[in-house]
Every structure is written in structure tokens, then in C-alpha cells.
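Here are a few notes from my pass through the fold. Have the viewer open while you read, and go point by point.

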Amino acid sequence: MIIVMKPHAKNESIEKIVRLIESRGCDAHISKGKEVTIIGVVGDKSRLSDQNLEIFEDVEKIVAVTESYKLANKKFHPEPTLVKVKDVTIGGGNLVIISGPCAVESREQLLSTAHAIKKAGAHILRGGAYKPRTSPYAFQGLEEEGLKYMKEASEETGLPVICEVTSQNAIEAAVKYVDMLQIGARNMQNFYLLKEAGKSGLPVLLKRGLSATIDEWLNASEYIIAEGNPNVVLCERGIRTFETATRNTLDISAVPVIKEKSHLPIIVDPSHASGVRAYVKPLAMSAVAAGADGLMIETHPNPEVALSDGPQSLTFEQFCELTEAVRPLAALVGKSI
Ligand code: PEP
Ligand code: MN
């Protein structure tokens with residue numbers, strides 16, 4: 001349930017309602033717009049059923065929120081959320097490009113990638129140090145050694161860094177070295193991990209699960225926000241369908257749907273969505289045209305010898321072509337890059 005206050009409602013009126021909500025064991029989340037304040041109620045709203053809130057002073061109307069996610073819901077928070085990753089802001093009028101290798105393989109590989117993507121205009125460096133591989137025999141990541149290279153690359157280039165975490169141990173290590181945590185598709189409904197990421201204090205990139213509905217994805221984001229961490233960015237990375245020509249199917253409609261249902265920023269990862277290098281640029285362009293707040297693109301100094309996701313990784317030259325291709329589109333949809 002949300003309580004929409006009249007324009008320029010008095011502070012005393014807002015405080016009175018908040019006190020009542022809290023006295024009944026529910027939480028009140030206030031969202032102050034330029035003129036209108038909205039109070040969102042989280043908890044068992046039947047505890048307020050004896051109160052006719054509509055007749056309280058300065059109340060405009062009461063709106064029922066039927067979706068199970070509340071804090072991620074646009075009805076609770078009509079203004080878009082801006083997520084700061086050091087000095088980079090995701091959301092609002094920006095198009096943020098995150099790039100780097102699927103896996104951190106060596107110091108040289110990561111540093112050369114960091115310099116190349118920065119030169120091409122990327123804003124954040126990615127790199128996997130804990131790899132959730134389909135096969136247990138595939139390269140599993142350099143773990144803490146990889147995180148150290150991430151920090152070094154960040155210090156050398158000034159780029160903030162993001163790394164996927166797959167366990168509580170990984171979170172404990174990652175918070176020492178990186179600026180943003182990534183929860184991968186395979187862990188989107190690992191609710192324990194989501195709560196730990198919420199408690200970490202770092203912004204979180206939450207990838208959509210392989211077969212997750214948008215409703216399930218937003219509920220997953222709710223787990224992070226409910227820990228007091230509102231800095232969540234969603235990432236559409238393709239879903240499982242009957243189609244086999246691509247690794248996954250990019251659900252481009254997730255962009256406008258999320259924009260309608262949530263205030264959280266959404267970025268698109270055409271690398272994992274397609275699994276095919278040649279399709280990454282056109283899909284990136286479609287994501288920008290659809291209104292995505294950013295892109296995540298895998299790059300590698302020599303994709304042919306990459307230890308993971310080589311077929312979808314771009315060379316530095318191809319990454320440059322991609323950033324040049326999306327630049328005019330960003331301008332067209334009113335985003336600065
Ligand atoms: C990744 O970003 O390297 C990754 C494993 O992605 P996803 O979780 O989307 O498969
Ligand atoms: Mn990958």
C-alpha cells in the first residue's frame with residue numbers, strides 16, 4: 001500500500017502517518033518528490049485495517065500495491081534511482097559502459113584490457129575472479145589473486161571495478177578490492193547470497209536468472225534493497241528459449257518493462273545474451289535504442305585463447321567500433337556517454 005500525500009503536505013502530517021505505521025509494526029518508506037511525498041508501507045498491512053488513512057490530514061489517496069516487491073517498485077519510488085560507483089553514476093541520463101574479460105586470467109591480460117577499454121570510452125572495468133562455470137573441470141577463476149589485479153588495474157586507470165561473487169567468502173574478499181559486486185544469472189535466486197550482498201555496503205549488479213521472469217527478478221532485487229542497500233542495478237543478459245542460434249535470447253522488452261515497473265537502472269549484456277561475437281554490436285545498439293542505462297561487454301586481448309567465453313569476447317578494435325556505433329544512438333535517446 002502507498003499513501004500519496006497532497007502537494008506540499010505539512011511535515012507534521014507526514015510524521016503522524018509514519019508514527020502510526022511504525023507503531024503497528026510496519027515500515028514506512030518515504031519518497032519525497034518536488035511537490036508530492038509518497039509513503040510506502042512494507043509489512044502486514046492488515047495491522048492498519050482499522051484505520052481510515054484516507055481521511056488523515058494532507059492525504060490525497062491510498063493506492064494498493066499488488067506486486068510482491070515493494071522497495072523495487074516504481075509506485076513506491078517514482079523517481080529513477082541513480083547508483084554511484086565511485087565517480088560513475090548509473091541511471092538518469094547516462095549511458096554507462098562496463099567492459100573487460102569474462103575471467104581475470106593474468107595481470108598482463110587485465111591491465112592491457114583496462115587501458116584499451118578506457119581509451120575506447122568505457123567507464124567501469126569488469127573481470128571475473130570467481131567463475132560459476134557449467135563444467136566443474138573448466139577454469140574456475142584466480143579468486144583473491146584476480147581481485148588484486150582488479151584493484152591494481154583500477155588504481156592505474158582510475159576506472160571503478162566490478163567482480164562477480166559466488167559465495168559469502170567471495171564477498172568478504174571482494175569488498176577489499178572492488179567497487180561493485182555482481183550477482184550472476186545462476187545465483188539470482190540464491191537468497192542467502194543476495195542478503196549478504198545487500199549487507200556488503202557496495203552497489204550490486206543483479207543479473208537476470210537464466211529462466212527468471214521479470215517478477216522473480218524484481219523480487220530478487222528486493223532481497224538486496226531490504227537489507228538497507230538501495231544501490232541495485234539490473235542486468236538483462238538473455239533468457240532460455242527454444243531458439244538455439246544464439247546462446248540465450250536477449251529479451252529486449254525487459255528494458256521498457258523494467259522502466260515501467262521499477263525505479264532501478266537497467267543495463268544490457270549482449271555478450272552473454274548472444275554468445276556470438278558478431279551479434280554483440282547490433283544487440284548493444286538495440287539495447288541503447290530501447291533506453292537501457294548501460295551495457296556490459298566482454299573484451300579480451302586475444303579472444304581465441306580466452307579461458308572462458310572467447311567466442312563472444314570482442315577484440316579491442318571491435319570494442320572501439322561498438323562504442324563508436326552506440327555514441328550517436330545515445331545522443332538520439334538523450335543519454336550522455
Ligand atoms: C559473467 O558476467 O561473466 C557471467 C558469468 O554472466 P551470467 O551470470 O550472466 O552468465
Ligand atoms: Mn562470461
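**Notes on the two sheets**

1. Start with the open sheet: four strands, ordered E2-E3-E1-E4, with antiparallel pairing. Keep in mind that this is a predicted model.

2. Which strands sit at the edges of that sheet? Those are E2 (27–32) and E4 (59–63), each of which pairs on one side only. On average, neighbouring strands here are turned by 20° against each other, if you ignore direction.

3. Now zoom in on E1, residues 2–5, which pairs with E4 in the antiparallel sense over four bridges. If you want a residue pair to click on, isoleucine 2 has valine 63 in E4 as its bridge partner.

4. Then there's helix H1, spanning residues 11–23, which lies across E1, E2, E3 (37–42) and E4. Relative to E2, helix H1 runs at about 155°.

5. On to the barrel. It is closed, has eight strands and parallel pairing, and runs E7-E8-E9-E10-E11-E12-E13-E14. Neighbouring strands in this barrel are turned by 25° against each other on average, again with direction ignored.

6. How many bridges join E10 and E11? Three: strand E10 (residues 180–183) and strand E11 (residues 204–207) pair over them in the parallel sense. For a concrete pair, look at isoleucine 183, whose bridge partner in E11 is leucine 206.

7. Last one: helix H3, residues 144–157, packs on the barrel sheet and touches both E8 (124–126) and E9 (161–164). The direction of H3 makes about 165° with that of E9.

Note on methods
Residues are numbered from 1 along each chain as its sequence is written. Chains are lettered from A and ligands numbered from 1 in the order in which they are written. This is a predicted model: local features need pLDDT of at least 70, side-chain atom pairs count only at pLDDT 80 or more; totals for chains, interfaces and linings use all residues. Side-chain values use heavy atoms; hydrogens and water are left out. Two strands pair if DSSP finds at least two bridges between them. Helices (H or I, at least four residues) and strands (E, at least two) are DSSP runs, numbered from the N terminus. Axes are lines fitted to C-alpha atoms, for helices over the stretch in contact, and angles run from 0 to 180 degrees between N-to-C directions. Contact means heavy atoms within 4.5 Å.
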